Amino acid sequence: MSSSSTTTTTTRLLMLKASDGVTFEVEEAVATKLGAINNMVEEEGSEDLICLPNVNGKFLGMVLEWCKKHANNNTNSDKGNDEVNKWWDKEFVMDLDQNTLYHLLMAADYLSGTELVDLLTEKVASMIRGKKVEEIRETFKIKSDFLPGQEEEIRKKNSWAFE
Amino acid sequence: MATLPWDSIVGILTRLPVKDLLRYRCVSKPWCSLIDGPDFIKMHLNHSVGTSSNLSLIRGYRVLHSVDLDTLDSAVRLTPPINVGNEIKILGCCNGLVALANSSGVMALWNPSTRKHKKVPVSDPNYEVPFGVFDSEMVGFGYDPLNDDYKLLRVIHYIRIDSDSFQSEVKVYSLKSNTWKRVGDFPYQGYKKYGIGVFASNSLHWMVARDHQYQPSFSIAAFDLVTEEYRKISLPDKKVSWDDKFYTKLAELGGWLCVVSIYVDDEKAEASNYVDIWVMKQYGVKESWTKLFSVAPSYVTGSFEYAMPLAYLKSAHQVVLDQDGHKFLLYDLERKRAKSVRKITGLSKCFDTFVYVRSLVGLGGGDGDNNGKKAGENGNKRKKQNQRVSGQKRLILEGFCWATEDVDVVFAGKGIRLRARNL
């Protein structure tokens with residue numbers, strides 16, 4: 001990462017190691033956008049290598065890509081920033097397939113990247129609006145556990161919602 | 001294929017519209033009990049309020065319509081749960097529940113998003129007031145977070161003809177107990193007051209005015225739904241010149257108590273009306289009144305009689321305003337200008353527009369109407385009174401809804417009726 005700004009403080013670099021051994025070198029300011037890493041840095045202080053056994057390299061890389069973009073955008077105290085971030089977020093989630101989306105959401109959740117969790121959760125929500133019950137079961141791999149007749153009973157209560 | 005942890009699923013579901021959630025109760029038992037659970041209902045509500053999403057407008061007198069605030073494109077006709085009669089009146093909206101009353105005095109709490117309702121038992125006015133003549137009525141609807149209860153307030157003001165003094169009867173209906181109880185009398189007697197209370201910061205608010213030698217003095221009367229006590233709240237200090245003509249209305253905007261001053265200049269053309277919108281950023285602190293913005297006629301708005309703020313869309317930094325009861329004005333808070341004006345086909349002019357959040361909030365066990373007694377027929381003598389408040393500065397006292405009308409109040413034995421009548 002090239003930080004060409006004329007800041008006098010040297011940026012500390014952290015080494016993040018994913019479950020599959022892939023490592024990423026990231027500026028502290030970028031990585032600490034993730035609550036979990038922020039906590040580790042504050043608690044463990046001098047440790048530069050952080051192992052993340054619950055996230056694999058592919059998804060950690062994507063999470064960090066998102067962090068970098070947001071960290072960079074936020075250094076400019078421009079008013080249009082919000083819009084830049086929004087636009088970039090849209091691009092980021094646009095073409096994600098369901099599997100990637102789920103893994104990414106779990107990774108972001110594990111790393112306490114609250115804003116990213118929000119973004120991804122909203123994306124999944126937008127994909128399941130206005131669906132049929134069967135489609136939802138399919139999407140989330142859920143088997144109905146209702147006894148015969150029970151489901152019908154529930155449907156009847158709000159039959160208008162199925163129209 | 002990955003399966004998501006339960007917490008993630010809960011997060012996703014809090015972002016869905018009510019209609020989807022009612023359908024997805026059928027997905028599985030855990031989904032059904034999640035969606036029906038009070039914690040989820042609160043999470044869903046808080047998410048909608050926090051992101052200003054799932055908001056709708058509701059309005060009408062004989063026919064009720066709702067409009068999705070996100071799209072502001074079409075009106076949907078609603079089927080109210082009580083007989084409309086001559087007219088149906090919205091008494092307030094809170095957390096997705098709408099309080100309604102019809103012209104026979106039947107009241108109900110209703111969630112238009114789940115289509116569930118509960119009739120409010122009839123509470124007869126107290127006839128103990130001797131020589132009392134009905135003066136005016138105030139109502140209000142809101143939420144008491146301490147007791148997790150929804151409350152409907154009704155104040156009936158009487159004038160005692162024997163002593164020319166005022167008396168009031170204040171009753172609070174609690175959804176939880178499904179009963180009315182009498183609370184302390186309205187303490188600001190001798191004030192002109194009526195209308196629908198504005199709910200903000202756990203309290204209901206009304207404008208009250210007292211005539212002092214043709215110089216009306218205004219303030220805000222508040223009733224705290226938690227403590228069930230009254231208090232007065234000061235209006236913002238604003239410079240008023242002698243020939244300023246304006247009237248003041250209350251509203252709620254983004255959780256703040258809001259004062260709207262509508263300046264009228266009838267000497268010039270109508271085109272010079274404009275509005276100032278003030279919000280009390282720290283509830284109860286007079287110094288925290290802040291002028292949020294003003295709307296003056298522009299090429300976007302054209303001239304208008306009034307504009308009342310309806311909703312603050314936080315992420316878009318926009319405020320939606322009701323312009324003259326038949327158009328919707330979008331105001332951009334960042335650029336400080338009116339952005340656009342929308343007119344929605346099928347909506348007729350209406351002075352009472354409310355905003356409700358589409359929520360799953362329930363009405364307790366029975367969704368039916370088994371708790372509602374039948375409203376009484378027209379009982380005793382009717383006493384009609386037309387009320388109008390005016391003063392040197394031609395300030396017009398407003399509760400919430402009567403902008404340019406006289407208010408015609410009918411006392412009909414078992415129910416109080418309010419009717420707005422065009423002049």
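User: What counts as a helix or a strand in chain B, and how many of each are there?

Analyst: Helices are DSSP runs of H or I with at least four residues, and strands are E runs of at least two. In this predicted model, the secondary structure of chain B comes to four helices and 28 strands.

User: Why is helix 1 of chain B called oblique to helix 3 of chain B?

Analyst: Helix 1 (residues 6–13) and helix 3 (residues 29–36) of chain B pack at an angle of about 50°, their axes being 12 Å apart. Angles under 35 degrees count as roughly parallel and those of 65 to 115 as roughly perpendicular, so a value outside the named ranges is oblique; that makes helix 1 of chain B oblique to helix 3 of chain B. The crossing of these two helices of chain B is right-handed.

User: Which residues make the contact, and what is its make-up by class?

Analyst: Helix 1 of chain B contributes Trp6(B), Ile9(B), Val10(B) and Leu13(B), while helix 3 of chain B contributes Pro30(B), Trp31(B), Leu34(B) and Ile35(B). By class, the contact has eight nonpolar residues, with no polar and no charged ones.

User: How do you know that the buried residues of helix 3 of chain B lie on the same side?

Analyst: The buried residues of this helix, each under 20% relative accessible area, are Trp31(B), Cys32(B), Leu34(B) and Ile35(B). Because they cover an arc of only 165° around the axis, they are on the same side of helix 3 of chain B.

User: Which helices do these buried residues pack against?

Analyst: They pack against helix 7 (133–140) and helix 8 (150–157) of chain A, together with helix 1, helix 2 (18–24) and helix 4 (38–50) of chain B.

Definitions and conventions:
Residues are numbered from 1 along each chain as its sequence is written. Chains are lettered from A and ligands numbered from 1 in the order in which they are written. This is a predicted model: local features need pLDDT of at least 70, side-chain atom pairs count only at pLDDT 80 or more; totals for chains, interfaces and linings use all residues. Side-chain values use heavy atoms; hydrogens and water are left out. Axes are lines fitted to C-alpha atoms, for helices over the stretch in contact, and angles run from 0 to 180 degrees between N-to-C directions. Angles under 35 degrees count as roughly parallel, over 145 as roughly antiparallel, 65 to 115 as roughly perpendicular and the rest as oblique. A crossing is left-handed if the near helix is turned anticlockwise from the far one by less than a right angle, and right-handed if clockwise. Contact means heavy atoms within 4.5 Å. Ala, Val, Leu, Ile, Met, Phe, Trp, Tyr, Cys and Pro count as nonpolar, Asp, Glu, Lys and Arg as charged, and the others, Gly among them, as polar. Buried means under 20% relative accessible area, exposed over 50%, partly exposed in between (1.4 Å probe, protein chains only). The arc is that of the directions from the helix axis to the C-beta atoms.
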